[in-house]
Structures are given as C-alpha cells and as structure tokens.
Amino acid sequence: MQVNKMNHPNQGIKCVVNTCHYYMNGDYCAAERIEVQPRNASDSQETDCATFIPEGR
Ligand code: SF4
C-alpha cells in the first residue's frame with residue numbers, strides 16, 4: 001500500500017523502523033495512514049506494518 005509521505009510526523013504513530021521510507025527522526029512515521037496485518041493475529045509479534053517500504057525506493 002503506497003501512501004503519501006507527509007512533511008511532518010503522523011502524531012498518532014510511534015515507529016522505530018528506521019529503514020522505512022516513511023520513518024522520521026525521533027521515532028515518527030510520516031505516512032498519511034498505515035495498514036497493519038494480518039487478520040486473526042493472536043499477539044503483537046504476529047502483526048506487521050503493511051505500509052512499510054524500504055528507504056531509498
Ligand atoms: S509506514 Fe509503518 S514501518 Fe514505516 S515508519 Fe510508518 S509505521 Fe513505521
């Protein structure tokens with residue numbers, strides 16, 4: 001899911017994935033919105049951000 005990268009943090013999201021295109025210094029995410037998967041996960045370890053794309057793409 002490719003979404004717009006804003007020029008400011010999405011205040012509702014803390015993210016430490018500093019290899020993501022949407023990552024911002026201070027552990028912020030600048031994606032307009034994110035999608036988390038999968039359905040029917042049983043704990044947080046099973047979930048991941050489907051909006052992630054590697055930095056530099
Ligand atoms: S898109 Fe997902 S992985 Fe990337 S910075 Fe935002 S929350 Fe983190």
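User: Going by the C-beta neighbours inside 10 Å, does Asn40 count as buried or exposed?

Analyst: Start with the cut-offs: a residue is buried if 20 or more other C-beta atoms lie within 10 Å of its own, exposed if 12 or fewer, and partly exposed in between, with C-beta atoms placed from the backbone. Asn40 has 5 C-beta neighbours inside 10 Å, so Asn40 counts as exposed.

User: Before we go on, what kind of model is this?

Analyst: Residue numbers start from 1 along each chain, following the sequence as written. Local features need pLDDT of at least 70, side-chain atom pairs count only at pLDDT 80 or more, and totals for chains, interfaces and linings use all residues, since the model is predicted.

User: How many helices and strands does the protein chain have?

Analyst: Both come from DSSP runs, numbered from the N terminus: helices are H or I with at least four residues, and strands are E with at least two. From the N terminus on, the elements run β-β-β-β. The secondary structure therefore comes to 0 helices and 4 strands.

User: What radius of gyration does the protein chain have?

Analyst: This value is taken over C-alpha atoms, and the globule rule is 2.2 Å times the number of residues to the power 0.38. With 57 residues, a compact globule would come out near 10 Å. The value for the protein chain agrees with that, at 11 Å.

User: Which residues make up the largest nonpolar core?

Analyst: Here is the general idea: in soluble globular proteins, nonpolar side chains tend to be buried together. A nonpolar core is a set of buried Ala, Val, Leu, Ile, Met, Phe, Trp, Tyr and Cys residues joined through C-beta atoms within 7 Å. In this chain, 11% of the 57 residues count as buried. The largest core has 5 residues in all: Cys15, Tyr22, Tyr23, Cys29 and Ala31.

User: Around the ligand, how many residues of the shell are charged?

Analyst: A residue is near a molecule or strand if its C-beta atom, placed from the backbone, lies within 6 Å of it. The residues around the ligand include Cys15, Tyr22, Cys49 and Phe52. For sorting them, Ala, Val, Leu, Ile, Met, Phe, Trp, Tyr, Cys and Pro count as nonpolar, Asp, Glu, Lys and Arg as charged, and the others, Gly among them, as polar. The shell divides into 11 nonpolar and 1 polar, and the number charged is none: no charged residues.

User: Which residues does Ala31 touch, not counting residues up to four places away in sequence?

Analyst: Two residues are in contact if their C-beta atoms, placed from the backbone, lie within 7 Å. Ala31 is one of the residues around the ligand, and Ala31 also belongs to the largest nonpolar core. Leaving out those sequence neighbours, Ala31 touches Val3, Lys5, Asn10, Tyr22 and Thr51.

User: Which residues is Lys5 in contact with, leaving aside its neighbours within four places in sequence?

Analyst: Lys5 sits in the segment before β1 (23-24). Since 15 other C-beta atoms lie within 10 Å, Lys5 is partly exposed. Lys5 and Tyr23 are 18 residues apart along the chain, with their C-alpha atoms separated by 9.3 Å. The contacts of Lys5 are with His21, Tyr22, Ala30 and Ala31.

User: How far apart in space are Glu32 and Gln2, C-alpha to C-alpha?

Analyst: Glu32 is found in the loop between β2 (28-29) and β3 (36-37). Glu32 is exposed because 12 other C-beta atoms lie within 10 Å. Glu32 and Gln2 are 30 residues apart in sequence, and their distance in space is 9.9 Å.

User: Where is Val36, and which residues is Val36 in contact with beyond four places in sequence?

Analyst: The place of Val36 is strand β3. Val36 is exposed, as 10 other C-beta atoms lie within 10 Å. Beyond its neighbours within four places, Val36 in strand β3 has contacts with Thr47, Cys49 and Ala50.

User: What is the phi of Asp27?

Analyst: Most residues other than glycine have a negative phi, and most peptide bonds are trans. Asp27 lies in the loop between β1 and β2, and its phi is positive. The value is near 65°.

User: Which two residues does a cis peptide bond join?

Analyst: At this bond, omega is about 0°. One partner lies in the loop between β3 and β4 (48-49). The two residues are Gln37 and Pro38.
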